[in-house]
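I sat down with this one to look up how its strands pair. Here are my notes, in the order I took them.

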Amino acid sequence: MRLLFLHMDFSEIQDQFLVDMVRKTLGCPEQCAHCGAYKDGFQVQDLRVTEAPLNELADILMRAVEGTGKRIKDWLASDITTDVNTEPLQTKGFPDFAELIYGMTNHTSRIIAISHGVRKNVRPMYDQLHAIVDLMQRDVIKNFILTMDFERLKGKIDEKTNEDSYIETLDRLKPALVLPETRITVSLQGTPRPEQPQFIGRVEEMYARIRRRLVEELHWDEETLQRIHVDRRESYTSIGRATTMVSILEAEDCDVIPDAMLVQKIRSKNTPKFRGRIDVFRRVLEGQYLRPGMTYGDTVDPKRWETIFEF
Ligand code: SF4
């Protein structure tokens, strides 16, 4: 198949191509003020979670690609993310999705959970986190990345509830650390400007308080605290609501995965020239040039994607 944007046949790029993203969910009710995935404020359709059927994804993964001797699943990267508009704790099918990817690739690919964590006293989110912890204990999911900021519900959650929610999340994640390779990352996110409510210094102060409270109130030991990796991201990418809702002027390009060390590790093993996304809703495989360090912005830019196969 001849590709227009990528200027070559798929057969020419197939050895330089990995699928690192699967869009199986649309919509997120978390209403983060800065979210890069949504452009126009808070549209009702963007707040409603819609999930594509799992058997459609399984069908796509099993499709054979003529002339290659391979199936679509053979191009899956070792670490797969959802699209940037998904909160795993608000997506009922997330655990089954993670199991499917793990099972269909004979345990060579895993889903990364990137989440803002539970909201205090929102019980369905606790149950969902429990299901993810179970998968982490069974090695189905290795990486949980907890995005830390003040942005959920349009930035209107009070500070105490926000902080308590992160403590609740980390304490519930603790049993997942049973396996030595499990990685839990706290991604501190904010802006460099102290006059803004999103100032990263405030987020850092909150995380320092959280660490203290985990020790004092929940008896975490130093060794367990050291297992939590911290990634510090100073400014948000100036796309989506970030531009209109929180006036982000300084923009950093960044990766979908907000853990620089993890990204480096994944890339050092296997860095293709092209990345792919399976869109289960549209039943397509899309491709784009991989621009390391810029995958978040490139993901939400439709001009950068080209359809490779329709199923
Ligand atoms: S940043 Fe994540 S949790 Fe927040 S609205 Fe966007 S997709 Fe949802």
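What follows are my entries on an open sheet and on one strand with its partners.

**Before starting.** I reminded myself that I am working with a predicted model.

**The open sheet.** I looked up the strand order first and found four strands running β8-β9-β10-β11. The sheet they form is open, and I noted the pairing as parallel. Next I checked the edges: these are β8 (113-115) and β11 (228-233). Each has a single partner strand, so one side of each is left without a neighbour in the sheet. I also looked up the twist, which averages 20° from one strand to the next.

**From β10 to β11.** How many bridges join β10 to β11? I found six, with β10 covering residues 183-189 and the two strands running parallel. To have a pair to click on in the viewer, I wrote down leucine 188, which stands opposite arginine 232 in β11.

**Strand β1.** Is β1 mostly covered or mostly open? It is mostly covered: of the seven residues in 17-23, six are buried. My cut-off for buried was 20 or more other C-beta atoms within 10 Å of the residue's own.

**Partners of β1.** I then looked for the strands that β1 is joined to. One of them is β12 (residues 274-279), which runs parallel to β1 and is joined to it by six bridges. There, phenylalanine 17 has phenylalanine 274 as its bridge partner, a pair I enjoyed finding. Strand β6 (residues 76-82) is also parallel to β1, with three bridges between them. For that pairing I noted valine 19, opposite leucine 76 in β6.

Technical notes
Residues are numbered from 1 along each chain as its sequence is written. This is a predicted model: local features need pLDDT of at least 70, side-chain atom pairs count only at pLDDT 80 or more; totals for chains, interfaces and linings use all residues. Two strands pair if DSSP finds at least two bridges between them. Axes are lines fitted to C-alpha atoms, for helices over the stretch in contact, and angles run from 0 to 180 degrees between N-to-C directions. A residue is buried if 20 or more other C-beta atoms lie within 10 Å of its own, exposed if 12 or fewer, and partly exposed in between; C-beta atoms are placed from the backbone.
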